Amino acid sequence: MRFCPLCSGSSGNATYIEAGSARILIDAGLSCKRITELLQMIGVDPRTLSAILITHEHIDHVRGVNILSKKFDLPVYANADTWSVLKAPLRDVAPKNVCVFESDRDFYLSGVRILPFSVPHDAIHAVGYTVSSGGKKVGVCTDLGHVDARILSILSGCDLLLFEANHDVDMLMAGSYPYLLKKRILSGSGHMNNDDCGKALVKLHETGVKNVILGHLSQENNYPALAMVAVRAALEGAGIDDMQIAIAAREEPTGVFEIV
Ligand SMILES: [Zn+2]
Ligand SMILES: [Zn+2]
């Protein structure tokens, strides 16, 4: 399998996953033009994509979906709730390319197992994904207010995981965001802070997760170094020194991770 976060953060999210003959884009939160450029930067022709999978309807995840689907005749997968709130022109995907899945039920794309799992986030019905093929499993899990035992169990044993470290709580509290926005981000259905991310990774390490990319970092309320320090502190506090941590770049491919 090959895995590449193409862009990550509140300005736009997209992750490319190649498994067997499937070439999957999870979210398309930048313009079709920019996502095409990002794919070309890693040597992927967008005409060879198999499908786009949507996590939720927030614009930083769906901005380019409609045009990409039209231009490259791509099926778009989302749950019925998410389809119901996508508004024109984002909703304007050709009927034959509208694919509806049931969250928390797996399905197969070109022989690759896809599991969309519900996550607590202030969208109508947000999901994360695991993608499994040839005995390997990768996960994409950002935009969630907290993790619970169910989510940890779904992500257990991931060979590579893109996981959210959105903000530093002190930076957020001291920053200029309006009170209601701060409250929303901090809530159990907002975004994961650095410390909670670290705690979750300690638990995931017990299940064999050793390779993690921190993603969806806030531009205003986080720094890559701060996220890294917080996560490393949590891991070191639990005596863990064998977890590889990378940080997803905001506007460019983070690198192509090969899972063999
Ligand atoms: Zn987002
Ligand atoms: Zn969101």
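Two strands count as paired if DSSP finds at least two bridges between them. Keep that in mind for the exercises below, which all use this predicted model.

**Exercise 1. In which sense do β5 and β6 pair, and over how many bridges?**

Step 1: Look at how the two strands run. β5 and β6 pair in the parallel sense.

Step 2: Count the bridges. There are four of them, and the cut-off is at least two.

Step 3: Find a pair of residues that face each other. Asn79 sits opposite Phe101 in β6.

Step 4: Follow the chain from one strand to the other. Together with helix α4 (residues 80–85), β5 and β6 form a right-handed β-α-β unit.

Step 5: Check the loop between α4 and β6, where you'll find Pro89. The peptide bond leading from Ala88 to Pro89 is cis, its omega being near 0°. For background, most peptide bonds are trans.

**Exercise 2. Work out the strand order of the open sheet of seven strands, and say which strands stand at the edges.**

Step 1: Walk across the sheet. The order reads β6-β5-β4-β3-β2-β1-β14, and the pairing is mixed.

Step 2: Pick out the ends. β6 (98–101) and β14 (257–258) are the edge strands, and each has a single partner, so one side of each has no neighbour in the sheet.

Step 3: Zoom in on β1 and β2. β1 and strand β2 (residues 14–19) run antiparallel and are joined by five bridges. Here Cys7 is opposite Ala14 in β2.

Step 4: See what lies on the sheet. Helix α1 (residues 32–41) packs there and touches both β1 and β2, with its direction at about 140° to that of β1.

**Exercise 3. Trace the partners of strand β9 (residues 127–133), and decide how many of its residues are buried.**

Step 1: Start with β8. Strand β8 (residues 112–118) runs antiparallel to β9, and six bridges join them. Phe117 stands opposite Gly128 in β9.

Step 2: Move to β10. β9 pairs with strand β10 (residues 136–141) in the antiparallel sense, over five bridges. The bridge partner of Tyr129 is Val140 in β10.

Step 3: Look at the turn. The hairpin of β9 and β10 has two residues between the strands, and Gly134 has a positive phi near 55° in this hairpin.

Step 4: Check the cover. Six of the seven residues of β9 are buried, so the strand is mostly covered, given that "buried" takes 20 or more other C-beta atoms within 10 Å.

**Exercise 4. Asp27 and Asp73: which is buried, and which is exposed?**

Step 1: Place Asp27. You'll find Asp27 in the loop between β3 (22–26) and α1.

Step 2: Count around Asp27. Asp27 has 29 C-beta neighbours inside 10 Å, so Asp27 counts as buried.

Step 3: Place Asp73. Asp73 comes after α3, in the loop between α3 and β5.

Step 4: Count around Asp73. With 12 C-beta neighbours inside 10 Å, Asp73 counts as exposed.

Step 5: Compare the backbone angles. Phi is positive in Asp27, near 70°, and positive in Asp73, near 50°. Most residues other than glycine have a negative phi.

**Exercise 5. Which residues does Leu160 touch, and which does Ile213 touch, beyond four places in sequence?**

Step 1: Locate Leu160. Leu160 is part of strand β11 (residues 160–164). Leu160 is buried because 23 other C-beta atoms lie within 10 Å.

Step 2: List the contacts of Leu160. Beyond four places in sequence, these are Phe3, Val138, Asn211, Phe257 and Ile259.

Step 3: Locate Ile213. Ile213 belongs to strand β12 (residues 211–215), and Ile213 is buried because 24 other C-beta atoms lie within 10 Å.

Step 4: List the contacts of Ile213. Leaving out residues up to four places away, Ile213 touches Pro5, Leu162, Ala246, Ile247, Ala248 and Thr254.

**Exercise 6. Describe how domain 1 meets domain 2.**

Step 1: Get the bounds. The domain assignment gives domain 1 as 1–103 and domain 2 as 144–250.

Step 2: Take the distance. The centres of domain 1 and domain 2 are 24 Å apart over C-alpha atoms.

Step 3: Count the contact. Nine residues of domain 1 and eleven residues of domain 2 take part.

Step 4: Look at the domain 1 side. Strand β1 (residues 2–7) gives the largest share of that side, three residues. By class, the domain 1 side holds three nonpolar, six polar and no charged residues.

Conventions
Residues numbered from 1 in each chain as written. Chains lettered and ligands numbered in written order. Predicted model: local features only at pLDDT ≥ 70, side-chain atom pairs only at ≥ 80, totals over all residues. Domains from an automatic or database assignment. Contact = placed C-beta atoms within 7 Å. Helix = DSSP H or I, 4+ residues; strand = E, 2+ residues; numbered from the N terminus. Nonpolar A, V, L, I, M, F, W, Y, C, P; charged D, E, K, R; others polar. Axes fitted to C-alpha atoms, helices over the stretch in contact; angles between N-to-C directions. Right-handed = clockwise from strand over helix to strand, strands pointing away.
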